[in-house]
Amino acid sequence: MNPSMEFAQKTTLAYNAACKPLCQELKLPQTAFDILLFLANNPGYNTASDIVEVRKVKANLVSVNVDKLVQEGYLVRQAVEGDRRKTQLLCTEKAAPIIAQGRAVQQAFGEQLLNGLDPDTRASFFRAVEGINRNLDVMLKGVH
């Protein structure tokens with residue numbers, strides 16, 4: 001396997017494993033947890049179609065998990081002014097502790113990912129990631 005693809009796959013697997021205990025404790029499916037954190041961490045994206053397009057989660061999974069989050073009081077649906085076809089998804093106050101716990105898991109995951117790397121190596125890594133992100137932006141311009 002290509003090393004960059006292997007890195008991406010291992011990172012996803014390790015992140016999901018890091019989130020699993022909290023998801024079990026909260027009795028939330030991983031997809032519902034991911035949707036909640038995605039909405040909380042990315043305020044520019046606030047619709048179910050944003051989740052489908054950006055996160056590449058299947059529409060039926062988004063629908064089921066958004067319904068669950070709404071029913072449990074973690075999200076509310078709100079009509080978008082001027083576009084009666086769109087509905088925003090907004091995190092509620094009830095979701096705040098889960099979001100805080102999720103962000104703590106994300107922070108710890110990032111620290112563990114960089115564990116043992118000296119400051120110069122970390123700086124080089126972040127410069128490389130910035131360059132890769134620019135390349136990805138260029139690659140994706142032709143796709144949309």
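# Worked exercises on a predicted model

The largest nonpolar core has 27 residues, and F33, L36, I51 and L69 are those with the most contacts inside it. Keep in mind that this is a predicted model.

## Exercise 1: Where the core comes from

Find which helices each supply at least two residues of the largest nonpolar core, and which one gives the largest share.

**Solution**

Step 1. Start with the helices: α1 (3–26), α2 (30–41), α4 (59–71) and α5 (96–113) each bring at least two residues to this core.

Step 2. Now look for the largest share: α2 provides it, with eight residues.

Step 3. Zoom in on one core residue, L69. Leaving aside residues up to four places away in sequence, L69 touches L28, A32, I35, L36, Y74 and L75.

## Exercise 2: Two helices that pack

Work out whether α2 and α3 are roughly parallel or roughly perpendicular to each other, and list the residues that meet.

**Solution**

Step 1. Recall how such a pair is described: for two packed helices, one gives the angle between the axes and the distance between them.

Step 2. Take the values for this pair. Helix α3 covers residues 48–55, and it packs against α2 at an angle of about 100 degrees, with the axes 11 Å apart.

Step 3. Compare with the cut-off: angles of 65 to 115 degrees count as roughly perpendicular. Therefore α2 and α3 are roughly perpendicular to each other.

Step 4. Name the residues. From α2 come D34, I35, F38 and L39, and they meet D50, I51, V54 and R55 of α3.

Step 5. Sort the residues of this contact by type: five are nonpolar, none is polar and three are charged.

## Exercise 3: Cysteines without a bond

Count the disulfides in the structure, then explain why C23 has no bond to C19.

**Solution**

Step 1. The count is quick: the structure holds zero disulfides.

Step 2. Check C23. The cysteine sulfur closest to that of C23 belongs to C19 and lies 5.8 Å away, which is too far for a bond. The cut-off for a disulfide is a pair of sulfur atoms within 2.5 Å.

Step 3. Check C91. This cysteine is in no disulfide either, and its nearest cysteine sulfur, that of C23, is 15 Å away.

Step 4. Add the surroundings. C23 is buried, at a relative accessible area of 4%, whereas C91 counts as partly exposed at 30%.

## Exercise 4: Positive phi in two lysines

For K27 and K56, state where each residue is placed and whether it is buried or exposed.

**Solution**

Step 1. Begin with the background: most residues other than glycine have a negative phi.

Step 2. Take K27. Its phi is positive, about 55 degrees, although K27 is not a glycine. K27 lies in the loop between α1 and α2, and it is exposed, with a relative accessible area of 67%.

Step 3. Take K56. Here phi is near 60 degrees, again positive in a residue other than glycine. K56 sits in the loop between α3 and α4 and is exposed, with a relative accessible area of 65%.

## Exercise 5: The whole chain

Describe the protein chain by its elements, its box and its buried share.

**Solution**

Step 1. The chain has six helices and two strands, and from the N terminus on they run α-α-α-α-β-β-α-α.

Step 2. Along the principal axes, the C-alpha atoms fill a box of roughly 50 × 40 × 25 Å.

Step 3. Of the 144 residues, 26% count as buried.

How values were computed:
Residues numbered from 1 in each chain as written. Predicted model: local features only at pLDDT ≥ 70, side-chain atom pairs only at ≥ 80, totals over all residues. Heavy atoms only, no water. Core = buried A, V, L, I, M, F, W, Y, C linked by side-chain atoms within 4.5 Å. Buried < 20%, exposed > 50% of the residue type's maximum accessible area, 1.4 Å probe, protein only. Helix = DSSP H or I, 4+ residues; strand = E, 2+ residues; numbered from the N terminus. Contact = heavy atoms within 4.5 Å. Axes fitted to C-alpha atoms, helices over the stretch in contact; angles between N-to-C directions. Parallel < 35°, antiparallel > 145°, perpendicular 65-115°, else oblique. Nonpolar A, V, L, I, M, F, W, Y, C, P; charged D, E, K, R; others polar.
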